[in-house]
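Hello,

Here is the structure we talked about going through. Please open it next to this email and follow the residues as they come up.

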Amino acid sequence: MLSDLYSGSLEDARARQERVSIAELEAAIALKPPALNVLAALAPDEVIKIIAEVKRASPSRGELAEIVDPQRLAKQYEAGGAAAVSVLTEQRRFKGSLADLESVRKAVSVPVLRKDFIASEYQLLEARAAGADMVLLIVAGLEQPLLKRLYELTLQLEMTVLVETHTSEEVSRAVDLGAELIGVNARNLNDFTLDRDLFAQVADQIPSGVIRVAESAVMSVADVAHYRSAGADAVLVGEALVVNGDPTETVAEFASVA
């Protein structure tokens with residue numbers, strides 16, 4: 001599944017590159033205001049930080065919500081106290097787009113994450129040109145030399161990298177990279193099962209001073225509290241915010257967990 005997601009994402013990026021050149025992206029980037037300070041926005045605090053996700057669908061759950069107006073949803077997240085907004089831009093299985101990211105960037109004042117299966121320099125340039133302040137790099141999908149190259153280019157573009165891990169070995173690779181923002185995803189990307197206790201098992205490997213983000217298996221305040229007690233500085237939440245009740249109220253409840 002992970003291999004298919006990457007191959008599809010890269011194929012779609014190549015198709016976009018036929019329409020928009022690297023030179024055009026670089027020209028657009030030159031006109032963009034500086035990226036927002038993600039590390040400051042997600043820095044450890046008395047309460048947990050929420051990265052709220054614009055998420056229409058997923059391979060494991062199928063269609064989740066018909067999000068006609070990503071801007072409105074992002075504003076609801078911000079009103080609830082979200083520290084950042086994540087936008088899924090993968091179009092095949094998650095039904096997202098770069099247009100979603102561009103519209104969200106115009107709507108909120110908090111940092112915006114491009115969440116996709118990024119494996120090329122072109123995708124990073126796209127992210128910055130669309131207004132992203134940070135991007136997701138998934139250790140499981142990238143050999144270390146490519147991961148390092150993409151990580152360094154992201155920094156050169158003055159964005160922040162959320163380095164996503166799923167195992168103890170992947171956390172070690174993220175630490176070796178010098179990552180300042182490490183996510184631990186409870187979802188196994190091979191079979192899509194969830195292990196909410198994975199974060200607690202590997203959190204001690206993440207050095208002091210590195211921001212720890214728990215990803216997946218967050219459906220309730222109890223889940224947020226579970227991650228907080230295990231040492232999470234932030235949680236990334238998607239499904240719970242688009243399928244249950246009022247997004248603003250749900251974010252506010254999650255963001256109150258100390």
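Ser216 touches Asn185, Ala186, Arg187, Leu194, Tyr227 and Leu236, leaving out residues up to four places away in sequence. This is a predicted model, so please read everything below as computed from it. Ser216 sits in the loop between strand E9 (211-215) and helix H10 (221-229). Is Ser216 buried or exposed? Its relative accessibility is 19%, and because the cut-off for buried is under 20%, Ser216 counts as buried. Val237 is 21 residues away from Ser216 in sequence, yet the two C-alpha atoms are 6.7 Å apart in space.

One of the contacts of Ser216, Tyr227, also turns up in the largest nonpolar core. That core has 94 residues, and Leu42, Ile50, Tyr77 and Tyr227 touch the most other members. For Leu42, the contacts beyond four places in sequence are Lys49, Ile51, Ala83, Ala84, Met134, Leu181, Ile211 and Asp233.

Met134 leads to strand E6 (134-138). Five of the five residues of E6 are buried. In a regular strand the side chains alternate between the two faces of the sheet. On one side of E6 are Met134, Leu136 and Ile138, on the other Val135 and Leu137, and all of them are buried.

Which strands pair with E6? Strand E5 (residues 112-115) pairs with E6 in the parallel sense over two bridges, and Met134 is the bridge partner of Leu113. Between these strands the chain runs from E5 through H6 to E6, a β-α-β crossover that is right-handed. Strand E7 (residues 160-165) also pairs with E6 in the parallel sense, over five bridges. There, Leu137 has Val163 as its bridge partner. E6, helix H7 (residues 144-156) and E7 form a right-handed β-α-β unit.

The last residue to look at is Asp133, in the loop between helix H6 (121-129) and strand E6. With 2% relative accessibility, Asp133 counts as buried. What does its side chain make a polar contact with? The partner is the side chain of Arg105, at 2.3 Å. A polar atom of the Asp133 side chain also lies 2.8 Å from the backbone nitrogen of Val112. Beyond four places in sequence, the contacts of Asp133 include Ala35, Leu36, Val38, Arg128, Met159 and Thr160.

Regards

Note on methods: Residues numbered from 1 in each chain as written. Predicted model: local features only at pLDDT ≥ 70, side-chain atom pairs only at ≥ 80, totals over all residues. Heavy atoms only, no water. Core = buried A, V, L, I, M, F, W, Y, C linked by side-chain atoms within 4.5 Å. Buried < 20%, exposed > 50% of the residue type's maximum accessible area, 1.4 Å probe, protein only. Contact = heavy atoms within 4.5 Å. Helix = DSSP H or I, 4+ residues; strand = E, 2+ residues; numbered from the N terminus. Polar contact = N/O pair within 3.5 Å; in protein donor to acceptor, adjacent residues only side chain to side chain. Pairing = 2+ DSSP bridges. Right-handed = clockwise from strand over helix to strand, strands pointing away.
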